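Colleague: Please take a close look at the cysteines for me, then walk me outward from there to the rest of the chain.

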Amino acid sequence: MAEDKVAVVTGAAHGIGLACARRFTADGCRVVVADRDAEAGREVAEELGESALFVPCDVGSRLSVHNLVAETISAFDRIDILVNNAGIMASGDLLTQSEEDFDRVMAVNLKGPYLLSQAVARQMIEQIETSEERQRDLRLRHAIVNVTSVVAQVAMADQLAYSVAEGGLAQLTRAAALALAPYHIRVNAVAPGTVNTGMASELKDDRAAMNRILSRTPLGRLADADEIASVVAFLASPAASYITGEVIVADGGRMALHTTLDTDE
């Protein structure tokens with residue numbers, strides 16, 4: 001069924017979102033690349049080919065979100081998969097985090113997934129209620145996948161807003177799953193550990209920081225973005241048809257570790 005599905009991926013111009021867009025395209029989906037970075041977003045859509053569409057989107061803006069949904073329906077007539085991947089960070093602990101930075105992170109990382117999930121779920125329900133597909137096929141079709149972080153479960157003192165937002169996104173996942181279960185729309189999340197993307201770029205030049213990460217990562221390496229995209233693709237697929245309300249941790253073993261590991265200096 002992948003070949004007739006439409007997937008919307010936010011933050012799809014870079015990192016995990018880009019890997020997800022590529023994976024869904026490879027699986028035969030039509031893909032909407034949503035991002036604030038218009039230049040990079042257009043390049044990604046061009047790379048993916050005729051089955052892809054770029055739509056600029058500020059996920060924290062209701063108007064921008066509704067424009068994204070409208071543009072998707074105009075181009076592809078439906079939405080079957082939503083990946084809420086867009087996210088930002090802003091340094092600061094409880095004593096130093098500015099209100100402006102706190103609000104900015106919340107708008108993208110938590111309010112954005114709320115606005116998008118609400119708008120897309122309403123579209124999905126309309127599709128379900130007017131569809132002539134068999135009930136079994138409908139149960140396999142619709143999914144929302146949120147990309148959160150292990151920081152949803154373990155906090156970072158110097159990333160207050162990010163920690164709070166990611167924890168909230170895990171709870172949004174669970175609450176949305178319960179609300180949408182009667183419609184057989186599944187809602188799950190992926191919680192990666194440290195991924196080799198732009199957000200972790202500073203680690204490449206800071207061996208001490210890299211060693212701190214590896215000392216609590218039993219697999220001894222960072223994740224590749226396409227490894228996380230594989231988990232997202234699984235949760236969006238019929239293979240995960242009886243999974244909803246879950247936060248799947250993909251962290252190289254970090255959450256299983258009680259202490260730290262020795263690393264090379």
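Modeller: C29 counts as buried, at 3% relative accessibility (buried is under 20% relative accessible area, exposed over 50%, partly exposed in between, with a 1.4 Å probe and protein chains only). Keep in mind that this is a predicted model, where local features need pLDDT of at least 70 and side-chain atom pairs count only at pLDDT 80 or more, while totals for chains, interfaces and linings use all residues. Residues are numbered from 1 along each chain as its sequence is written, and side-chain values use heavy atoms, leaving out hydrogens and water.

C20 is buried too, with a relative accessible area of 1%. So what keeps C20 from bonding to its closest cysteine sulfur? Distance: the sulfur of C20 sits 11 Å from that of C29, which is too far for a bond. C29, for its part, is in no disulfide, and its nearest cysteine sulfur is that of C20, 11 Å away. The structure as a whole holds zero disulfides (a disulfide being a pair of cysteine sulfur atoms within 2.5 Å).

Now for what surrounds that story. The chain has eight helices and seven strands, both being DSSP runs numbered from the N terminus: helices are H or I with at least four residues, strands are E with at least two. Buried residues make up 51% of the 265 in the chain. A compact globule with 265 residues would have a radius of gyration near 18 Å, and the chain agrees, at 18 Å (taken over C-alpha atoms; the rule is 2.2 Å times the number of residues to the power 0.38). Along the principal axes, the C-alpha atoms fill a box of roughly 60 × 35 × 35 Å.

Of the contacts with a separation of 6 or more, 71% are between residues 24 or more positions apart, a contact meaning heavy atoms within 4.5 Å. For a concrete case, look at I125 in helix α4 (residues 99-130). I125 is buried, with a relative accessible area of 16%, and, leaving aside residues up to four places away in sequence, I125 touches L180, Y183 and I185.

Next along from Y183 is H184, in the loop between α6 and β6 (186-192). H184 has a positive phi of about 65 degrees although it is not a glycine, and it is partly exposed, at 36% relative accessible area. D77, in the loop between α3 (62-76) and β4 (81-84), also carries a positive phi, near 75 degrees. D77 counts as exposed, at 61% relative accessibility. Why flag these? Most residues other than glycine have a negative phi.

Two more loop residues are worth a glance. I243 lies between α8 (225-236) and β7 (247-250) and is partly exposed, with a relative accessible area of 24%. Beyond residues up to four places away in sequence, I243 touches R186, N188, F234 and L235. A155, in the loop between β5 (143-147) and α6 (160-180), is exposed at 69% relative accessible area. The C-alpha atoms of A155 and E166 are 9.4 Å apart, with their positions 11 residues apart along the chain.
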